[in-house]
Amino acid sequence: HDMQDLGVATVPKGNCASCHKPIAGKVITALGKMWHPEHFTCAHCGKEVGSRPFFERDNKAYCQEDYHQLFSPRCAYCTAPIQEKILTAMDQTWHPEHFFCTHCGTVFGDDGFQVKDGKPYCQKDFQSIFSPKCRGCDRPVMNQYLSALNATWHPECFVCRDCFCSFTDGSFFELNGQPYCELHFHQHQGTVCHGCGKPIVGRCVSAMGHKFHPEHFVCAFCLTQLHNGIFQEQNGKTYCHPCFKKLFV
């Protein structure tokens with residue numbers, strides 16, 4: 001019943017923006033208009049807004065839940081509406097706690113992030129996973145590097161595999177994909193002179209399971225060079241015939 005039907009004198013406060021009838025009792029003022037409380041409803045779900053907080057869009061009222069579902073930006077990770085703090089990165093929006101490293105799950109800090117195939121990574125994991133690996137130490141190469149033997153190296157790791165000396169003149173020898181100095185390359189190849197301990201590059205003499213520079217294949221007693229492979233052996237040493245007879249016969 002109208003209040004007037006009950007004998008109560010009322011003065012209309014205005015017309016309801018929804019039903020356009022006079023408002024005599026409780027009134028809600030919102031969006032620059034007046035409403036019967038039961039007529040001030042969410043434009044999407046139709047539920048009474050009442051005195052609850054609401055959002056306005058295009059001069060329409062929406063309850064909080066519907067407004068966020070309809071209009072709030074969505075998190076690229078969980079796809080839920082973002083209602084409070086928002087983070088924008090990679091041309092997408094995120095809950096701050098959902099923008100983390102694809103590999104380790106750590107939320108990004110001041111170090112920032114790197115992107116690979118549309119996915120964000122922390123600096124540490126990006127370098128560990130995607131940076132080329134040094135063949136010498138198998139760690140990521142991040143700054144200065146050296147390319148040799150079809151591989152990438154830290155400059156300090158490109159050294160002889162045996163003595164760890166650097167190649168100051170830029171020359172090295174390769175064996176099984178690894179670099180060696182001249183001496184250790186020849187040691188592995190069995191081409192080091194048994195007499196002087198230095199590499200044999202040219203002609204050599206093979207005797208007693210060893211190799212020699214021709215000029216270092218000498219009599220152990222008189223130091224005369226032994227020619228034509230003619231020598232005598234005693235206790236692992238080579239002798240010319242005269243010295244052998246003199247010493248052992």
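**Surface, shape and domains**

Reader: How much of the accessible surface of the protein belongs to carbon and sulfur atoms?
Author: 49% of about 16600 Å². The areas come from the Shrake-Rupley method with a 1.4 Å probe; for residues, only the protein chains shown count as cover. This is a predicted model: local features need pLDDT of at least 70, side-chain atom pairs count only at pLDDT 80 or more, and totals for chains, interfaces and linings use all residues. Residues are numbered from 1 along each chain as its sequence is written, and side-chain values use heavy atoms, without hydrogens and water.

Reader: What makes a residue count as buried?
Author: Under 20% relative accessible area (over 50% is exposed, in between is partly exposed; 1.4 Å probe, protein chains only). Of the 249 residues, 29% meet the buried criterion.

Reader: How do you know what a compact globule of 249 residues would have as its radius of gyration?
Author: The rule is 2.2 Å times the number of residues to the power 0.38, with the radius taken over C-alpha atoms. That gives near 18 Å, but the protein has 45 Å. Its C-alpha atoms fill a box of roughly 155 × 30 × 20 Å along the principal axes.

Reader: What share of contacts with a separation of 6 or more joins residues 24 or more positions apart?
Author: 10%. A contact means heavy atoms within 4.5 Å.

Reader: Where does UniProt place "domain: LIM zinc-binding"?
Author: At residues 14-73, 74-131, 132-191 and 192-249, in an unreviewed entry. Such annotations may be inferred rather than shown by experiment.

Reader: What makes a run a helix or a strand?
Author: DSSP: H or I over at least four residues for a helix, E over at least two for a strand. The protein has four helices and 16 strands. Residues 14-73 are 13% helix and 23% strand; residues 192-249 are 14% helix and 21% strand.
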